[in-house]
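The report that follows is meant for a reader who is meeting this structure for the first time. Please keep the sequence and the structure at hand while reading.

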Number of protein chains: 6
Amino acid sequence: MATVKMMTDREAEGIPAVKTVFDDIRATRKSDFINNFWRALAHDPAQLSRIWTQVKTIMGTPGALDPLTRELIYIAVSTANGCSYCIHSHTAAARAKGMTDAQHRELVSIIGLAGQTNHLVTALQVPVDPEFDVR
Amino acid sequence: MATVKMMTDREAEGIPAVKTVFDDIRATRKSDFINNFWRALAHDPAQLSRIWTQVKTIMGTPGALDPLTRELIYIAVSTANGCSYCIHSHTAAARAKGMTDAQHRELVSIIGLAGQTNHLVTALQVPVDPEFDVR
Amino acid sequence: MATVKMMTDREAEGIPAVKTVFDDIRATRKSDFINNFWRALAHDPAQLSRIWTQVKTIMGTPGALDPLTRELIYIAVSTANGCSYCIHSHTAAARAKGMTDAQHRELVSIIGLAGQTNHLVTALQVPVDPEFDVR
Amino acid sequence: MATVKMMTDREAEGIPAVKTVFDDIRATRKSDFINNFWRALAHDPAQLSRIWTQVKTIMGTPGALDPLTRELIYIAVSTANGCSYCIHSHTAAARAKGMTDAQHRELVSIIGLAGQTNHLVTALQVPVDPEFDVR
Amino acid sequence: MATVKMMTDREAEGIPAVKTVFDDIRATRKSDFINNFWRALAHDPAQLSRIWTQVKTIMGTPGALDPLTRELIYIAVSTANGCSYCIHSHTAAARAKGMTDAQHRELVSIIGLAGQTNHLVTALQVPVDPEFDVR
Amino acid sequence: MATVKMMTDREAEGIPAVKTVFDDIRATRKSDFINNFWRALAHDPAQLSRIWTQVKTIMGTPGALDPLTRELIYIAVSTANGCSYCIHSHTAAARAKGMTDAQHRELVSIIGLAGQTNHLVTALQVPVDPEFDVR
């Protein structure tokens, strides 16, 4: 149950600004599947375009981090934020980009450990060591 | 300003269970520096030992993810949880393990993007696509 | 699946302190519908009354912000806190108070943007400018 | 203490992509003041430009919500996310856009109330009423 | 650095609604000390009164949980929410109500463990067992 | 819908490291029921063992806090973190350890109140009183 309706392909066909993005998602991912995130965003074509452009640039442009590492970081943030949909979609994306079960296990362990030490640090209000300052 | 006092080396010398962990941190990291997190935990020697053992195992055992990737995941969780100390300490740790400025920039971009899409998904309450189910 | 049972109208009839609040909710909202939040709270009649009084005062008293703006702020907080029920109930309330689709789209964009810049600021640990101090 | 250095005007002068954005911030806001958020982002000129373009579009384009309401929403999200810098900068921005003390008081009350009911709903795991579904 | 000014005793003297609450805080706590939380709230006397009444009722009325347990729960929520001020004030309150160092150590351990398992459950999206349902 | 499959008893039988933990959970809890959290963790036997050992130690070792108080703290953290599964499992555990309806009502009230004051403090950015410092 969502707060907006998921846009169907039929509706998307009638809105050029949406159709353009949907077509680019399909072409970029070489798959006909458009997941619900984009169908929910589609009711705001300008926003749909802004978000897709960012995702394509930040997650897709070759750079200093490989595509799988980027997905692992995405899962980590989404877990700490408790975004169920995002955890599902990016865990699926990570698997599609080659994440092994062993990598998933390590990712989950690190997320859990960080969750624990984050809470310990906060409960104890540990002051930042001056050694960590960027010179 | 913390909710416990940071344990000094002098105090740690007098508590064998703490001294053992502090010595192991120094030996493992090949550095004399013990950061405040461990000094705050030291008032509970059993907990200090439990946490250090986990950190050493989860962050230090060779496995499917390299040491730098593990730090990037740690920073991602700590940022989403708003743990200032943890962000500082793990950003410093990542730099010590070779994180370049370009990698830091990409990490920060991905964290920001995930923050945005997490919020959009939650505001729109997007339902999980059945395609994301683990078989 | 809840951690308490939703109180039925029949049960509420038998508890004067609950009946009084349910009656006031119906009279205030000019509707027979009592949503699950109040039915869950009803097991603690004192708390039910405390929360309803606050909601009526803070959301209903004419003041410096109009009723719709108050709902938009409520949705914003609920989204950042990941409270699915609250997002649904206050998005419905906002629509009932006249929120247009265009206003909803802008609200969602701002929530997403704030989510992104909140994460960027936290990852970079940007220090507060002295210019922002209240004189 | 930040995880990157704040870029000075002198440094910004030497990087055309940064200078362009800083100049546009100054022109748009009709003020010489560039706050630390932009100085921290400036180490990634592409990201600086992306974020500024979004802020300018989402916060500045005339639309269905007035500029002050947009700032109130921003403060609400930033508070729930615990982003201290963001609360300071957007509270200052809201005041600059005319937020009165009475409006600030009501905003703060609503944020507090939403914080309370969000926690109550979550502790009780209240199920979403079918009446809230978008038809 | 706050977004409002802390109200001084001198200013409070001039506003009867504030003076009444400040006097009651002092009488209830048998202490002359008024901490900053109340001085920040005092700019909204109605809200100040509402919050103080709730705190006095929920934290101070004899009931099913003893006063120290109530403070431990408060610290737990405040830590998970990352509210630095609240952690400091309620850790001080718990100590004033008799919290021993051993109790503080156990509290902190449980908070850390819950932080870890909360993150693990979320990353793995563990489905709720039907056995947990309230019959 | 989870991101891993729940391990069945049949599968667990074939993995000695998992069987050992499952047997110990059953013996410790004097119940044949193994909830989904452990079945999800079981795909990483080392992690399963690490987490179970911690839970057994931190939640089960007699100490300065009684078993029910520990569960209340766990529920408080899990609520603030929005971990639905954890709220359900620990509310059930608290009931099994004797939590009365009156205790549950007070717990929920305190969690709600803390949620509210945490948000107020954060919105107002209240500075920590020097009186709260640990001497």
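## A buried leucine in chain E

In this predicted model, E:Leu72 has 28 other C-beta atoms within 10 Å and, because 20 or more are needed for a residue to count as buried, E:Leu72 is buried. E:Leu72 belongs to helix α5 of chain E, a helix that covers residues 67-80.

Leaving aside residues up to four places away in sequence, E:Leu72 touches E:Ala94 and E:Leu107 as well as F:Thr69 and F:Ile73. As for E:Met7, it is separated from E:Leu72 by 65 residues in sequence and, measured in space from C-alpha to C-alpha, by 29 Å.

## Helices α5 and α6 of chain E

The helix that holds E:Leu72, α5(E), packs with helix α6 (residues 84-96) of chain E at an angle of about 165°, and the axes of these two helices are 9 Å apart. Because an angle over 145 degrees counts as roughly antiparallel, α5(E) is roughly antiparallel to α6(E), and the crossing of α5(E) and α6(E) is left-handed.

On the side of α5(E), the contact is made by E:Leu68, E:Glu71, E:Leu72, E:Tyr74, E:Ile75, E:Ser78 and E:Thr79. On the side of α6(E), the contributing residues are E:Cys86, E:Ile87, E:His90, E:Thr91, E:Ala93 and E:Ala94.

## Helices α2 and α4 of chain F

In chain F, helix α2 (residues 16-29) and helix α4 (residues 45-60) pack at an angle of about 20°, with their axes 9 Å apart. That angle makes α2(F) roughly parallel to α4(F), while the crossing of the two is left-handed.

The residues of α2(F) that take part are F:Ala17, F:Val18, F:Val21, F:Asp24, F:Ile25 and F:Thr28, and they meet F:Pro45, F:Leu48, F:Ser49, F:Trp52 and F:Lys56 in α4(F).

## The domains of chain A

Chain A is assigned two stretches, with domain 1 spanning 1-61 and domain 2 spanning 63-125. The C-alpha centres of domain 1 of chain A and domain 2 of chain A lie 24 Å apart.

## Chain A against chain B

A rotation of 180°, with 0.0 Å of shift along its axis, superposes chain A on chain B with an RMSD of 0.0 Å. The two copies are thus related as by a two-fold rotation axis.

Between these chains, 58 residues of chain A are in contact with 58 residues of chain B. On the side of chain A that touches chain B, at least two residues each come from α3 (36-41), α4 (45-60), α5 (67-80), α6 (84-96) and α7 (101-124) of chain A, and the largest share, 16 residues, is supplied by α7(A). The copies meet through the same surface, because 100% of the interface residues of chain A are also interface residues in chain B.

## Chain A against chain E

Chain A can also be laid on chain E by a turn of 180° and a shift of 0.0 Å along the axis, with an RMSD of 0.0 Å. Of the residues of chain A, A:Gln116 comes closest to the rotation axis, its C-alpha lying at 2.2 Å.

The contact between chain A and chain E takes 19 residues from each of the two chains. In chain A, the elements that give two or more residues to the side that touches chain E are α5, α6 and α7, with α7(A) providing the largest share, 12 residues. Here 100% of the interface residues of chain A are also interface residues in chain E, so the copies meet through the same surface.

Note on methods. Residues numbered from 1 in each chain as written. Chains lettered and ligands numbered in written order. Predicted model: local features only at pLDDT ≥ 70, side-chain atom pairs only at ≥ 80, totals over all residues. Least-squares fit on C-alpha atoms with pLDDT ≥ 70 in both. Contact = placed C-beta atoms within 7 Å. Helix = DSSP H or I, 4+ residues; strand = E, 2+ residues; numbered from the N terminus. Buried ≥ 20, exposed ≤ 12 C-beta atoms within 10 Å, placed from the backbone. Domains from an automatic or database assignment. Axes fitted to C-alpha atoms, helices over the stretch in contact; angles between N-to-C directions. Parallel < 35°, antiparallel > 145°, perpendicular 65-115°, else oblique. Left-handed = near helix turned anticlockwise from the far one by under 90°.
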